[in-house]
Amino acid sequence: MAVADTAQYSAGIAQSGGLLTGRLSAMMFMQFFVWGAWTVTLGLVMQTVGIGNLIGNAFSVGPIASIVGSFLLGMAAARYVSPRMLMVILHLVGGVLLFVLPSLVTPENGGTFVWLLLCYMILYMPTVGLANTIALKSFGERTDKFPFVRAFGTLGWITAGLIIGWAGLSASPEIFRVAAVVSIALGLYSFTLPNVTADAPRDESVLRQVLCVEAFGLLKQRSFLIFMTCATLISIPLAMYYAYASPYVGATGISNVGGTLAIGQMSELVFMFSMPWLYRRFGVKPLLLVGMAAWALRYALFAIGDGGSSIWAVYLGVALHGVCYDFFFVAGAIYTGTIATPKGVNAQAQGMLTLFTYGVGMLLGSQIGALLYAQLPAAPTIADWQHMWWYPAIAAAVIALLFQFTFRDDTRKSAA
């Protein structure tokens, strides 16, 4: 361990009491409040105002932004600017764009809305990896503290959904202005975050830094390559939930769509607190496998759920979000940090995880979902929605089987 890393680790341990945990928890709360305030019911908003045909494009901008932002801002720029200052800049500028978006959610300006949303997401998506980096680096080797802090991100998402639902904004473009207020607040708050150092480059070549050679070099490890491949693949069916769950839930006759979908984050919060013990007890493979299997089960429940006697399947499918997200993405972030930290490329690796999951995987998922949605009538019935959900259910099940038979957790073996 280098001298700088040792000093940073010691400082993290010294501060890892309640004060540091509270500061990082507030960061995570606002980080995911901003995202959860608008993305959960955006599909319903667009269908309501008459631009449902652009839902697939709107949910493709996030993945595209993940790819562009991860390279330009999340990994390359992190070599020259501290994660804290990047958080300040990106959230302040992003907040301004969020204030503008509601005026463009109209049939006349639908195309412009999608392009401006892309600009915003290029700023926002790198902050997901940056927030993880700040938390993980601040705690040093005490990565077991990370799930507790990350739980407050889930709490922020829940709070956003409840506020949007209770205020009657689930189908309103005003969801963006709610997010804008918190984005600017987070940008200002980020001045107070721990000033963790940017990753020290192992090679001064500008080209190597832009291409993030060190981070991609981690893929030479077979286990990490398989993990990243399966993470990318499972993000394809994942994209359909974010894009089409809200209009589907609305079609069942449930009025408080935002509040209902917040049930998923409530269950996520419950499972989040068990993650440290589960990770130490079972290792990463069982958690990742259960997470992928849960996606298959969730979509199967949606495929049988309706607004009548099977309404329970809709609520249960939403409630499974805790298992779906925590057991895969939170455990995956910890696993990525475990692989990357010894190489000194934690920020790059977290950005790369965002690139492949929220970027490549969800871009493919958004476009495939748009093709499936285009086959539905203008006013889809419950039977139409049920038919569509079988496709991601089967896909998730196949990916889970692929992961089970190919992945081996080398970190757990070496630790033993």
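Which residues does Leu238 touch, not counting residues up to four places away in sequence? Keep that in mind as we walk through this model, which is a predicted one.

Let's start with the answer. Leu238 is found in helix 12, which covers residues 222-251. Leaving out residues up to four places away in sequence, Leu238 touches Trp295, Tyr299, Phe329 and Met362. Is Leu238 buried or exposed? Its relative accessibility is 2%, and buried means under 20%, so Leu238 counts as buried. Here is something to look for in the 3D view: Leu238 and Ala393 are 155 residues apart along the chain, yet their C-alpha atoms are separated by 9.9 Å.

Now move to helix 18, residues 346-374, where you will find Ser366. Ser366 has a relative accessible area of 3%, so it is buried too. Which residues does Ser366 contact, leaving aside its neighbours within four places in sequence? They are Gly56, Phe59, Ser60, Pro63 and Ala239. Try clicking on each of these in turn to see how they sit around the serine.

Next, follow helix 7, which runs over residues 110-139. Here you can try a little reasoning of your own. Each residue is taken to add 1.5 Å, so the 30 residues of helix 7 should span 44 Å. The C-alpha atoms at its two ends are 44 Å apart, which agrees with that expectation. Helix 7 also has a kink of about 30 degrees, and the kink is centred on Met121. How many residues of helix 7 are buried? The count is 25 of its 30 residues, so this helix is mostly covered, going by the under 20% cut-off for a buried residue. Just past the helix comes Gly140, whose phi angle is positive, near 65 degrees.

Finally, let's visit the surface. Ile304, Trp312, Leu316, Trp390, Ile394 and Val398 make a nonpolar surface patch of about 590 Å². Two elements each give two or more residues to this patch: helix 16 (311-319) and helix 19 (382-406). Which element gives the most? That is helix 19, with three residues. Leu316, one of the patch residues, lies in helix 16. Its relative accessibility is 41%, so Leu316 counts as partly exposed, a class that falls between the 20% limit for buried and the 50% limit for exposed. Set it beside the leucine we began with: Leu238 is buried at 2%, whereas Leu316 is partly exposed at 41%.

Definitions and conventions. Residues are numbered from 1 along each chain as its sequence is written. This is a predicted model: local features need pLDDT of at least 70, side-chain atom pairs count only at pLDDT 80 or more; totals for chains, interfaces and linings use all residues. Side-chain values use heavy atoms; hydrogens and water are left out. Helices (H or I, at least four residues) and strands (E, at least two) are DSSP runs, numbered from the N terminus. The expected span of a helix is 1.5 Å times one less than its number of residues. The bend at a residue is the angle between axes fitted to the seven residues ending there and the seven starting there. Buried means under 20% relative accessible area, exposed over 50%, partly exposed in between (1.4 Å probe, protein chains only). Patches are made of residues with over 30% relative accessible area and no salt bridge: like charges are joined within 9 Å, nonpolar side chains (Val, Leu, Ile, Met, Phe, Trp, Tyr) within 5 Å. Accessible areas come from the Shrake-Rupley method with a 1.4 Å probe; for residues, only the protein chains shown count as cover. A salt bridge is a side-chain nitrogen of Lys or Arg within 4 Å of a carboxyl oxygen of Asp or Glu. Contact means heavy atoms within 4.5 Å.
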